[in-house]
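Please look through the structure below, which will be explained here step by step, beginning with a sheet and ending with a helix.

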Amino acid sequence: MSHKKLPYFELRNSTVDTLLFIVKSTDLSELRAELARRYEATPGFFANDVVAIDLRRLENERIPVDEVAVLLNEFRLRPIGIVATEAQQEWAGKGNLPFVELRERRDAGKPAIAPDIPDAPPATPPSPPPVESTAKVAATTMVIDKPLRSGQQIYASGDLVVLGLVSFGAEVLAAGSIHIYAPLRGRALAGVHGDHEARIFCTCFEPELIAVAGIYRTAENPLPDNVLGKPVQVRLNQEKLIIEPLRLT
């Protein structure tokens with residue numbers, strides 16, 4: 001029995017990962033302002049990434065989904081569908097985007113500006129917070145063994161290990177965690193694709209900016225004496241940045 005080959009197209013099973021844009025407010029101006037604040041830290045970094053608009057946090061509120069899609073396109077994010085509860089589908093499905101079903105992992109939070117961080121005791125192994133994201137972190141680790149000067153930027157698709165100084169004006173970004181065995185004086189952004197379990201480890205903490213999964217803190221908020229210039233780890237707990245000393249001995 002002969003099998004005729006189809007030369008024009010092919011259909012295959014596939015899994016497409018996407019970021020979730022979790023809508024927590026129906027005020028479009030607030031959403032625009034929050035996006036602008038986030039992109040000040042990493043301008044253009046998420047350009048052309050695909051997202052699904054997640055409406056499940058809105059409960060009984062409604063929002064024009066097509067206008068949210070237009071807003072996301074302004075920031076070069078590409079919406080491909082809607083995640084909604086069964087009750088929301090009646091009104092959310094009137095736009096131009098289809099509904100998508102996502103295999104839940106953990107619970108992804110919305111980017112936010114971290115509040116002032118109080119002094120913290122030495123770190124003990126914490127329980128990871130629940131997150132809700134389909135973003136994957138690659139298993140590979142990148143190692144940088146040279147100092148990074150101002151204006152240099154390094155991105156790792158998995159974890160990132162830096163063995164030299166990260167100068168003021170330099171920037172390191174990773175989809176996973178960041179380990180810096182030298183002074184950090186520039187920017188360090190971990191979990192940039194929404195991994196709330198990512199962390200930043202540093203042996204001399206003097207950052208210009210730090211962020212985990214889009215939740216960031218700048219040098220405008222002075223660091224407490226027990227972490228400034230000392231070994232620390234940075235992690236998320238319930239959408240708040242926790243900065244705590246590390247015991248290395």
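**From the sheet to helix H2**

In this predicted model, 6 strands form an open sheet with mixed pairing, arranged in the order S4-S6-S8-S10-S13-S14. The edge strands of this sheet are S4 and S14, the latter covering residues 240-245, and each of them pairs on one side only. On average, neighbouring strands of the sheet are turned by 25° against each other, if direction is ignored.

Within the sheet, strand S6 (residues 159-162) runs parallel to strand S8 (residues 178-184), and the two are joined by 3 bridges. Here Val-162 stands opposite Ile-180 of S8. Strands of a sheet pair through backbone hydrogen bonds, and they may do so in either a parallel or an antiparallel manner.

The edge strand S4, made of residues 141-144, contains Val-143. Val-143 has a relative accessible area of 51%, and because the cut-off for an exposed residue is over 50%, Val-143 counts as exposed. Together with Leu-163 and Tyr-181, Val-143 makes a nonpolar surface patch of about 310 Å².

Turning to helix H2, which spans residues 65-74, the buried residues are Val-65, Val-68, Ala-69, Leu-71 and Leu-72. Viewed down the axis of H2, these buried residues fall within an arc of 160°, and therefore they line one face of the helix. An α-helix has 3.6 residues a turn, so residues three or four places apart point the same way. Just after H2, Arg-76 adopts a positive phi of about 65°.

Definitions and conventions:
Residues are numbered from 1 along each chain as its sequence is written. This is a predicted model: local features need pLDDT of at least 70, side-chain atom pairs count only at pLDDT 80 or more; totals for chains, interfaces and linings use all residues. Side-chain values use heavy atoms; hydrogens and water are left out. Patches are made of residues with over 30% relative accessible area and no salt bridge: like charges are joined within 9 Å, nonpolar side chains (Val, Leu, Ile, Met, Phe, Trp, Tyr) within 5 Å. Accessible areas come from the Shrake-Rupley method with a 1.4 Å probe; for residues, only the protein chains shown count as cover. A salt bridge is a side-chain nitrogen of Lys or Arg within 4 Å of a carboxyl oxygen of Asp or Glu. Helices (H or I, at least four residues) and strands (E, at least two) are DSSP runs, numbered from the N terminus. Buried means under 20% relative accessible area, exposed over 50%, partly exposed in between (1.4 Å probe, protein chains only). Two strands pair if DSSP finds at least two bridges between them. Axes are lines fitted to C-alpha atoms, for helices over the stretch in contact, and angles run from 0 to 180 degrees between N-to-C directions. The arc is that of the directions from the helix axis to the C-beta atoms.
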